[in-house]
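Biologist: I am new to this structure and would like to understand the reasoning behind the words used for it. Could we take the terms in turn and set each value against its cut-off?

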Amino acid sequence: MNPPITPSAAAPTPVWEAVDPAETAPPAAAAVGLTRTGSVLHVQLNPSAQDDDVLNSAVLDALIAVLDGLHEQPDIQILVLSSLGKDFCLGADRREYQDALAGDPTGTALRRIADKAHRLCQALENTHAVTIARLHGKVIGAGLALAVHCDLRAGADTCRFRMPEIGLGLAPAWGGAMGRLITEAGAARIRELMLTCDEFDAPTAHRLGLLHKFAPLDQLDATITAWTRPLARRSPQALVLTKHMLAGYTKAARTTDATLLDSHLLAAQLAQPR
């Protein structure tokens with residue numbers, strides 16, 4: 001097993017440095033932790049860095065840097081995305097949105113944050129590595145958007161999912177998730193869950209196709225390993241070509257890419273007087 005690695009904050013893309021192999025968690029200041037085992041890169045959200053299981057700009061920047069860094073790491077075939085927190089993710093950082101609008105009422109700063117979410121999700125979809133989401137606890141809003149852009153998704157049987165945006169007075173405009181959700185799970189059920197904001201469980205997510213597998217939490221790592229071991233033995237060229245072909249056919253099913261408007265929709269809605 002290779003030693004754990006952490007991203008250097010000084011570089012625009014990650015420079016991974018060896019650290020003590022006994023260290024199993026990322027430093028408190030790091031938004032994400034990285035550990036590589038052979039051709040598998042484990043990326044762990046680290047909520048202790050921001051005191052909450054949310055996706056703020058620091059987390060978005062760190063994840064984008066990791067994915068950009070993969071261009072120079074063709075030998076990484078698989079990326080497993082998980083979280084060190086109590087929950088996988090509680091959604092976007094709405095306090096950051098409010099602060100951005102308070103500092104810039106035009107919405108320009110907020111659009112920059114929202115554009116990062118779109119860049120991140122596109123990077124997940126387009127990277128050469130097969131991406132796997134390992135989910136536990138609550139998977140809310142932007143957290144579900146992040147997970148659904150991964151190629152494969154496995155969750156604990158205790159997972160709870162929710163798309164709360166309408167209940168919060170927001171359009172579901174984070175990372176271009178609506179098109180991806182509809183493609184993966186179908187318009188009828190996604191329409192219902194978005195409009196009602198109903199919570200749903202792991203078996204329901206599995207029936208919808210939002211989870212490929214679910215298992216008891218203590219068996220979740222074994223479920224992930226059952227994917228990563230055979231994938232690591234596959235031809236890298238075959239994996240990359242198949243992933244890009246699947247992405248191409250999926251995108252071809254979308255008649256327009258309205259996700260490019262997400263940041264403008266979000267900024268315009270939040271900036272209007274209430």
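Modeller: Let us begin with burial: a residue is called buried when its relative accessible area is under 20%, and exposed when that area is over 50%. Please keep in mind that this is a predicted model.

Biologist: Why is phenylalanine 200 called buried?

Modeller: The relative accessible area of phenylalanine 200 is 5%, and since buried means under 20%, phenylalanine 200 is therefore buried. Phenylalanine 161, with a relative accessible area of 1%, is buried by that rule as well.

Biologist: What makes the pair of phenylalanine 161 and phenylalanine 200 stacked?

Modeller: Two rings pair if their centres lie within 6.5 Å, and planes under 30 degrees apart count as stacked. The ring centres of phenylalanine 161 and phenylalanine 200 are 5.4 Å apart and their planes stand at 15°, so both conditions are met and the pair is stacked. The structure holds one aromatic pair, and this pair links distant parts of the chain, because phenylalanine 161 lies in strand 9 (residues 160-162) and phenylalanine 200 in strand 10 (residues 200-201), 39 residues apart.

Biologist: How do you know that cysteine 150 is too far from the closest cysteine sulfur for a bond?

Modeller: A disulfide needs two cysteine sulfur atoms within 2.5 Å, whereas the sulfur of cysteine 150 is 8.9 Å from the closest cysteine sulfur, in cysteine 121, and is therefore too far for a bond. The structure as a whole holds zero disulfides. Cysteine 150 is buried, with a relative accessible area of 0%, and cysteine 89 also counts as buried, at 1% relative accessibility.

Biologist: Why are helix 5 and helix 6 called oblique to each other?

Modeller: Helix 5 (residues 177-185) and helix 6 (residues 187-196) pack at an angle of about 130°, with their axes 7 Å apart. Roughly perpendicular covers 65 to 115 degrees and roughly antiparallel begins over 145, so the two helices are oblique to each other. Their contact is made by Met178, Leu181, Ile182 and Ala185 of helix 5 together with Ala187, Ile190 and Met194 of helix 6, and by class it has seven nonpolar, no polar and no charged residues.

Biologist: What makes serine 39 count as buried?

Modeller: Serine 39 has 13% relative accessibility and therefore counts as buried, the cut-off being under 20%. Serine 39 sits in the loop between strand 3 (32-37) and strand 4 (40-45), and, leaving aside neighbours within four places in sequence, serine 39 is in contact with Asp75, Ile76, Gln77, Ile78 and Ala232.

Note on methods: Residues numbered from 1 in each chain as written. Predicted model: local features only at pLDDT ≥ 70, side-chain atom pairs only at ≥ 80, totals over all residues. Heavy atoms only, no water. Axes fitted to C-alpha atoms, helices over the stretch in contact; angles between N-to-C directions. Helix = DSSP H or I, 4+ residues; strand = E, 2+ residues; numbered from the N terminus. Parallel < 35°, antiparallel > 145°, perpendicular 65-115°, else oblique. Contact = heavy atoms within 4.5 Å. Nonpolar A, V, L, I, M, F, W, Y, C, P; charged D, E, K, R; others polar. Buried < 20%, exposed > 50% of the residue type's maximum accessible area, 1.4 Å probe, protein only. Phe/Tyr/Trp six-rings, centres within 6.5 Å; stacked < 30°, edge-to-face > 60°.
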